[in-house]
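Q: I have this model open and would like to go through a few residues and the ligand site. Start wherever suits.

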Amino acid sequence: MCPQESRGGGGLSRRGLFTAAGAGGIGLAAGAAGAFAAGRERSSPVNDVVPLYGAHQAGITTEAQDHMHTAAFDLTASTRQSVISLLRDWTEAAEAMTAGRDVGATGASGGAYDAPPEDTGEAQDLHAAHLTITFGFGRTLFEKDGEDRYGVRSRLPAALIDLPLFSGDALEPNRTGGDLMVQACADDPQVAVHAVRNLSRIAFGRARVRWSQLGFGRTASTSTGQVTPRNLFGFKDGTANIMAQDRDLLDKHVWVGGSPAAEAWLDGGTYAVMRRIRMHVETWDRTTLREQELVVGRTKRKGAPLSGGDEFTAPDFSLPGRNGPLIDAGSHLALAHPDHNGGVHMLRRGYNYADGTDDLGRFDAGQFFVAYLVDPRSHYVPMQSAMAKNDLMAEYLRHTGSGLFAVPPGIQAGEYIGQPLFS
Ligand SMILES: C=CC1=C(C)c2cc3[nH]c(cc4nc(cc5[nH]c(cc1n2)c(C)c5CCC(=O)O)C(CCC(=O)O)=C4C)c(C)c3C=C
Ligand SMILES: [Fe+2]
């Protein structure tokens, strides 16, 4: 695991910064001073800062936190310079918030009495909570209605396609697309919401929120140190995920590299596929345990493949049962497995969501599916096409929102997110 991506990777809480600064840490002293100006004193020292800087953006291989708030934005900026200034301002704010500080020099309550505060304030007294903020660029940033709005059309990556409409999709326009994407993940929901809200406030006059989604209860592990969580069908989800420790799989299936010159700005980055998938939990809850396990291809209790063993045993798709293979060829496991998808893997990092009820009293609940992968044309579209047609799980699912974003590489101090694209 890259140190810069590890959870709490050497980061310090604001109280920790004071201590280290007192011990002679010059760089840290500057951070502590900033924190003090922003007025975020906290009660106890904790080590819950995930550094913003690194080769890759944080929030991808970082151990999946418990909560998520994601938003997509439509740009209203009329110039390229205005987009750059927004990205600069967002980077500065992200650096402060992920370090557990308020936004701006005066923060939530240290500024002029007759001016709006620089920070909205709801994260005062809260820890950094492993906050990560991951940024992405939608296809419409590069080209919209045939127009090269910000002079970056020539740098549009070939893989940043318009995703095709899949069988059974019921996409809602106001939950789909977007020029920019911001994914905030944290172990405290209020910290994640605070981050997106402040970025939205900063964007005023340059970009406005197109859609946003709250998520809870991660539906994947991204580190071998994490316990596999459960989704709203009650099954373990994320067992066979790419983990932060799988360096070779990450290099092959997640990180973009060796791009042609026009796309080289994305090297070290990745693509984020986001799908808001409603799960018909009422129907699922009236389905027998036998049927549920048949659909998933794994046991509900342990998450073991139906061919036997424990959670991490490799599935055997040819092992026969009384009426055909023990793992049904139409099961989600069979359709998603690399053996049936040309060997592709993806890093899943989704969250459960529950957004109230519809007019029939049914829960609008499901999974906000997020996957990071090297190329959606090879690593997502074929699998989703097959699932939409043949996955036994499909009858319990409805895709209501969608987004595909190019996620630029990480940055160093002094740079802004996506800088190579505009250089
Ligand atoms: C196109 C990609 C995928 C979508 C969309 C998707 C939706 C989805 N998945 C579950 C539940 C489970 N998925 C599991 C495994 C799994 N799913 C995908 C891909 C998509 N899932 C992959 C690549 C894999 C791993 C396959 C493998 O290598 O074995 C599992 C099993 C446990 C696990 O390994 O994670 C469950 C359970 C839901 C509920 C859902 C939509 C709401
Ligand atoms: Fe899945």
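**Residues and ligand site**

Q: Why does Arg-362 count as partly exposed?
A: Because Arg-362 has a relative accessible area of 36%; the partly exposed class lies between buried, under 20%, and exposed, over 50%, with a 1.4 Å probe and protein chains only. This is a predicted model, in which local features need pLDDT of at least 70 and side-chain atom pairs count only at pLDDT 80 or more, while totals for chains, interfaces and linings use all residues. Residues are numbered from 1 along each chain as its sequence is written, chains are lettered from A and ligands numbered from 1 in the order in which they are written, and side-chain values use heavy atoms, with hydrogens and water left out.

Q: Where does Arg-362 lie?
A: In the loop between β9 and β10. Helices (H or I, at least four residues) and strands (E, at least two) are DSSP runs, numbered from the N terminus. From Arg-362 to Asp-237 the C-alpha distance is 23 Å, with their positions 125 residues apart in sequence.

Q: And Asp-359, where does that lie?
A: Asp-359 is also in a loop, the one between β9 (351-357) and β10. Asp-359 counts as exposed because its relative accessibility is 75%. Its C-alpha is 35 Å from that of Gly-205, and the two are 154 residues apart in sequence.

Q: Over to the ligand. How many residues surround ligand 1, and which are the closest?
A: There are 26 residues around ligand 1, where a residue is near if one of its heavy atoms lies within 4 Å. The closest are Gly-238, Thr-239, Ala-240, His-332 and Arg-348.

Q: What is 2.5 Å from an oxygen atom of ligand 1?
A: A polar backbone atom of Gly-238. That is a polar contact, meaning a pair of N or O atoms within 3.5 Å; within protein, one must be able to donate a hydrogen and the other to accept it, and residues adjacent in sequence count only if both atoms are side-chain atoms.

Q: What about a nitrogen atom of ligand 1: which side chain has a polar atom 2.9 Å from it?
A: His-332 does, with a polar side-chain atom at that 2.9 Å. Arg-348 contributes a side-chain N or O atom 2.9 Å from an oxygen atom of ligand 1.

Q: What percentage of the accessible area of ligand 1 does the protein cover?
A: Of the 780 Å² that ligand 1 has on its own, 97% is covered by the protein. Areas come from the Shrake-Rupley method with a 1.4 Å probe; for residues, only the protein chains shown count as cover.

Q: Which pocket is the space taken by ligand 1?
A: The largest pocket. A pocket is an open set of points on a 1 Å grid over the protein atoms alone, where a 1.4 Å probe fits, with protein on both sides within 12 Å along at least five of seven lines; lining residues have an atom within 4 Å of a point. A molecule sits there if more than half of its atoms lie within 2 Å of the grid points.

Q: Which elements give two or more residues to the shell around ligand 1?
A: They are β5 (270-279), α9 (332-336), β10 (363-373) and α11 (381-390).

Q: How many nonpolar, polar and charged residues has that shell around ligand 1?
A: It has 15 nonpolar, seven polar and four charged. Nonpolar covers Ala, Val, Leu, Ile, Met, Phe, Trp, Tyr, Cys and Pro, charged covers Asp, Glu, Lys and Arg, and the others, Gly among them, are polar.

Q: Change of topic. Which side chain does Arg-278 contact?
A: Arg-278 is in strand β5, and its side chain makes a polar contact of 2.9 Å with the side chain of Asp-358. Arg-278 counts as buried because its relative accessibility is 9%.

Q: And which side chain does Asp-169 contact?
A: The side chain of Arg-275, in a polar contact of 2.9 Å. Asp-169 lies in the loop between α4 and β3 and, at 15% relative accessibility, counts as buried.

Q: Now backbone angles. What is phi of Asp-145?
A: Near 50°, a positive value in a residue other than glycine. Most residues other than glycine have a negative phi. Asp-145 sits in the loop between α4 (139-142) and β3 (180-186), and it is exposed, with a relative accessible area of 80%.

Q: What about phi of Ala-129?
A: Ala-129 has a positive phi too, about 55°, and is not a glycine. Ala-129 is in the loop between α3 (80-98) and β2 (132-138), and is buried at 9% relative accessibility.
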